[in-house]
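User: I want to know what stands behind the labels used for this model. Please justify each one briefly.

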2 protein chains.
Amino acid sequence: MSVAQQLREHGYRLTPQRRVVCDTLDAAQGHLTAEELHERSSAVVADLSLASVYRTLTLLDQLALARQVRFADGRAHWEPAHDHDEFHLVCRSCEAVTHHPADLVTTVRDHLLHDHGFDSQRVELVVTGLCADCRNDSPRTSRVLG
Amino acid sequence: MSVAQQLREHGYRLTPQRRVVCDTLDAAQGHLTAEELHERSSAVVADLSLASVYRTLTLLDQLALARQVRFADGRAHWEPAHDHDEFHLVCRSCEAVTHHPADLVTTVRDHLLHDHGFDSQRVELVVTGLCADCRNDSPRTSRVLG
DNA sequence: GTATATGCAAAGTCTTTGCATCGTT
DNA sequence: AACGATGCAAAGACTTTGCATATAC
């Protein structure tokens, strides 16, 4: 079910603003900041304030329908909620963010719980480096990540 | 060698302000924010502005003598640089931050490089959950992490 | 003595909030 | 029709920066 539909099922009003933010979040390839989400959503629903984007994201976070990841830039990047562990691979050159399944995380969780009594609720694994494409490219198009 | 000494060896002036910030960073158990570092350092060197703390940290970061980690609160937390991979375990209840050696990270790096061509430069693994002490305690003293 | 570091205060960036108005249900 | 959501603008939190003064070398 779409994030927008889930919002409605929780009893919240489904305004055009909320709907477009949810849909844009759903459709996004990478992890969008509030501002990127605002830009893209505004192209569809012109009457959308940045404040509403933030309010919608806060709401989605509370309902566990979305969650934020902090990259080295310190800004919040948003993704629809999901229950599988994963890496975030951030390329320093092209800034692409990709997901990678993290089977090892289960091993980590088990180890922490059984050997150290630490009950993991949230595992955030961000790997910064150079993606395969950028390693092969000349550095002419490189940009340093914030 | 202390962080302060390394600063000097890089040719930078070793002012009382820089020295106390470096020493406080060196001595810290957990990961301090700029503000916490300012508080603790000010107790030793009264004439220390928050701006100087930030400037010193920026300098240490550039020289790779310190690095910052972002927790879910979005603020930068600082630690002396080191070359071993590690987890950051953040307890949601007591807010304690502990380090944990991360042998598995080597496996992760190798996998990403050989199977996916991704050259990892920085691996940041933050695990949020409940530490052993807090799992046993009554929840009366619990605080939710920002 | 001189170049560099500092404190202060102002500005910058990202995010949240107060309030009057608008719109979904 | 009523209550909740919105836009706007102001405020908040964290961090950076301009400038005159102080200081390490």
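User: Why are H2(A) and H3(A) called roughly perpendicular?

Analyst: This is a predicted model. In it, H2(A) and helix H3 (residues 34–42) of chain A pack at an angle of about 110°. Their axes are 9 Å apart. Angles of 65 to 115 degrees count as roughly perpendicular. Therefore H2(A) and H3(A) are roughly perpendicular to each other. The crossing of the two is right-handed.

User: Which residues make the contact of H2(A) with H3(A)?

Analyst: H2(A) supplies A:Val20, A:Val21, A:Thr24 and A:Leu25. H3(A) supplies A:Leu37, A:Arg40 and A:Ser41. By class, the contact has 4 nonpolar, 2 polar and 1 charged residues.

User: What makes H2(B) roughly perpendicular to H3(B)?

Analyst: The axes of H2(B) and helix H3 (residues 34–42) of chain B cross at roughly 110° and come within 9 Å. The range for roughly perpendicular is 65 to 115 degrees, so H2(B) is roughly perpendicular to H3(B). H2(B) passes H3(B) in a right-handed crossing. On H2(B), the contact uses B:Val20, B:Val21, B:Thr24 and B:Leu25. On H3(B), it uses B:Leu37, B:Arg40 and B:Ser41. These divide into 4 nonpolar, 2 polar and 1 charged.

User: Why is H2(B) also called roughly perpendicular to H4(B)?

Analyst: The axes of H2(B) and H4(B) cross at roughly 65° and come within 10 Å. The range for the label runs from 65 to 115 degrees, so H2(B) counts as roughly perpendicular to H4(B). This crossing is right-handed. From H2(B), the contact takes B:Arg18, B:Val21, B:Cys22 and B:Leu25. From H4(B), it takes B:Val53, B:Thr56, B:Leu59 and B:Leu60. The classes are 6 nonpolar, 1 polar and 1 charged.

User: How do you know that A:His38 makes a polar contact with A:Leu48?

Analyst: A polar atom of the A:His38 side chain lies 2.7 Å from the backbone oxygen of A:Leu48. The cut-off for a polar contact is 3.5 Å. The pair therefore qualifies on distance. A:His38 itself lies in helix H3 of chain A.

User: What else is A:His38 in contact with, leaving aside its neighbours within four places in sequence?

Analyst: Besides A:Leu48, the list holds A:Ser49, A:Leu50 and A:Val53. A:His38 and A:Val53 are 15 residues apart in sequence. In space they are 6.4 Å apart, C-alpha to C-alpha.

User: What makes A:Ser52 a polar contact of DNA strand D?

Analyst: A polar side-chain atom of A:Ser52 lies 2.4 Å from a phosphate oxygen of DNA strand D. The limit is 3.5 Å, so the pair counts as a polar contact.

User: How do you know that bases of DNA strand D are reached as well?

Analyst: A polar side-chain atom of B:Arg13 lies 3.3 Å from a base nitrogen of DNA strand D. For B:Arg55, a polar side-chain atom lies 3.3 Å from a base oxygen of that strand. Helix H2 (16–27) and helix H4 (50–62) of chain A each give two or more residues to the surface near DNA strand D, as does helix H4 (50–62) of chain B.

User: Which residues are closest to DNA strand D, and how many surround it?

Analyst: 20 residues surround DNA strand D. The closest are A:Arg13, A:Asp47, A:Ser49, A:Ser52 and B:Tyr54. Of the strand's atoms within 4 Å of the protein, 68% belong to sugar or phosphate. The rest belong to bases. By class, the surface has 8 nonpolar, 4 polar and 8 charged residues.

User: And which are closest to DNA strand C?

Analyst: A:Arg13, A:Tyr54, B:Asp47, B:Ser49 and B:Ser52 are the closest among 20 residues that surround DNA strand C. Sugar and phosphate account for 69% of the strand's atoms that come within 4 Å of the protein.

User: What makes A:Arg75 a polar contact of DNA strand C?

Analyst: An N or O atom in the A:Arg75 side chain is 3.4 Å from a phosphate oxygen of DNA strand C. The limit is 3.5 Å, so A:Arg75 qualifies. For A:Tyr54, the distance from a side-chain N or O atom to a phosphate oxygen is 2.4 Å. For B:Ser49, it is 2.5 Å.

Key. Residues numbered from 1 in each chain as written. Chains lettered and ligands numbered in written order. Predicted model: local features only at pLDDT ≥ 70, side-chain atom pairs only at ≥ 80, totals over all residues. Heavy atoms only, no water. Near = heavy atom within 4 Å. Polar contact = N/O pair within 3.5 Å; in protein donor to acceptor, adjacent residues only side chain to side chain. Helix = DSSP H or I, 4+ residues; strand = E, 2+ residues; numbered from the N terminus. Nonpolar A, V, L, I, M, F, W, Y, C, P; charged D, E, K, R; others polar. Axes fitted to C-alpha atoms, helices over the stretch in contact; angles between N-to-C directions. Parallel < 35°, antiparallel > 145°, perpendicular 65-115°, else oblique. Left-handed = near helix turned anticlockwise from the far one by under 90°. Contact = heavy atoms within 4.5 Å.
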